[in-house]
Amino acid sequence: MSAGSPECGAECQEALEQLELYLDGELPNTTLEEVKAHLTACYPCTDRASFEEQLRAIVRRDCVESAPPSLLVRIREHLAGVATDG
């Protein structure tokens, strides 16, 4: 079920609209408690939240690129030069 489907009620719609902020920990306390209560009681929305959390974990784990060591050295040298030049 997704937001806006015939099975999804207004309460689900509201909870799913807040889901990104909920997962980011950016909801005010009152809204946070409302979303938590809804997720506790609504299996489809809990399933959606779980999917989003798992997707975020995969992206965090697998989509992180690191700079080559030679680039890091050049950046550090440049920053050190900027710091001493004032």
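## Buried cysteines, salt bridges and helix H1

Hi everyone, let's start with cysteine 45, which counts as buried at 2% relative accessibility. Before I go on, please keep in mind that this is a predicted model, and that every value I quote is computed from it.

So what is around that cysteine? The closest cysteine sulfur to the one in cysteine 45 belongs to cysteine 42, at 3.6 Å, which is too far for a bond. The cut-off for a disulfide here is sulfur atoms within 2.5 Å. By that rule the count comes to 0 disulfides. Cysteine 42, then, is in no disulfide either, with the sulfur of cysteine 45 as its nearest cysteine sulfur. Cysteine 42 is buried too, with a relative accessible area of 11%.

Cysteine 45 also leads us to a histidine. Which residues does histidine 38 touch, leaving out those up to four places away in sequence? They are Glu11, Cys12, Ala15 and Cys45. Histidine 38 sits in helix H3 and counts as buried, at 8% relative accessibility.

Two of those contacts, Cys12 and Ala15, bring us to helix H1, because they belong to its buried residues, together with Leu16. Helix H1 runs over residues 10–17. Why do I speak of a buried side of H1? Because the buried residues cover an arc of only 95° around the axis, they lie on the same side of the helix. The general background will be familiar: an α-helix has 3.6 residues a turn, so residues three or four places apart point the same way. Turn H1 around, and the face away from its buried side carries the exposed residues Ala10, Glu14 and Glu17. And what covers the buried residues of H1? The cover includes helix H2 (19–23), helix H3 (29–41) and helix H4 (43–62).

Now for the charges. Side chains of opposite charge can pair when their charged atoms come close. How many salt bridges does a search of the whole structure find? It finds 4, and I'd like to walk through three of the pairs.

The first one on my list is arginine 56 with aspartate 24, whose side chains meet at 2.4 Å, N to O. Arginine 56 lies in helix H4 and aspartate 24 in the loop between H2 and H3, so this pair ties together parts that are 32 residues apart in sequence. Both partners are partly exposed: arginine 56 counts as such at 22% relative accessibility, and aspartate 24 has a relative accessible area of 40%. There is also a network here, with Glu20, Asp24 and Arg56 linked by salt bridges.

Next is arginine 48 with glutamate 52, where the closest N and O atoms are 3.5 Å apart. These two both lie in helix H4, 4 residues apart, which is about one turn of the helix. Is each partner buried or exposed? Arginine 48 is partly exposed, with a relative accessible area of 30%, while glutamate 52 counts as buried at 13%. Leaving aside neighbours within four places in sequence, glutamate 52 is in contact with Leu19, Glu20 and Leu23. Glu20, you'll recall, is one of the residues in the network I just mentioned.

My last pair is arginine 61 and aspartate 62, with closest N and O atoms 2.9 Å apart. Arginine 61 counts as exposed at 59% relative accessibility, and aspartate 62 is partly exposed, with a relative accessible area of 47%.

Staying at the surface, let's look at something nonpolar. Which residues form a nonpolar patch there? They are Phe51, Leu55 and Val59, which together have about 260 Å² of accessible area. Valine 59 is found in helix H4 and is partly exposed, with a relative accessible area of 41%.

I'll finish with a residue in a loop. Glutamate 65 is found between H4 and helix H5 (69–85), and this glutamate is exposed, with a relative accessible area of 77%. If you have the model open, try a C-alpha to C-alpha distance from glutamate 65 to threonine 31: they are 35 Å apart in space and 34 residues apart in sequence.

That's my tour, thanks for listening!

Technical notes
Residues are numbered from 1 along each chain as its sequence is written. This is a predicted model: local features need pLDDT of at least 70, side-chain atom pairs count only at pLDDT 80 or more; totals for chains, interfaces and linings use all residues. Side-chain values use heavy atoms; hydrogens and water are left out. Buried means under 20% relative accessible area, exposed over 50%, partly exposed in between (1.4 Å probe, protein chains only). The arc is that of the directions from the helix axis to the C-beta atoms. Contact means heavy atoms within 4.5 Å. Patches are made of residues with over 30% relative accessible area and no salt bridge: like charges are joined within 9 Å, nonpolar side chains (Val, Leu, Ile, Met, Phe, Trp, Tyr) within 5 Å. Accessible areas come from the Shrake-Rupley method with a 1.4 Å probe; for residues, only the protein chains shown count as cover.
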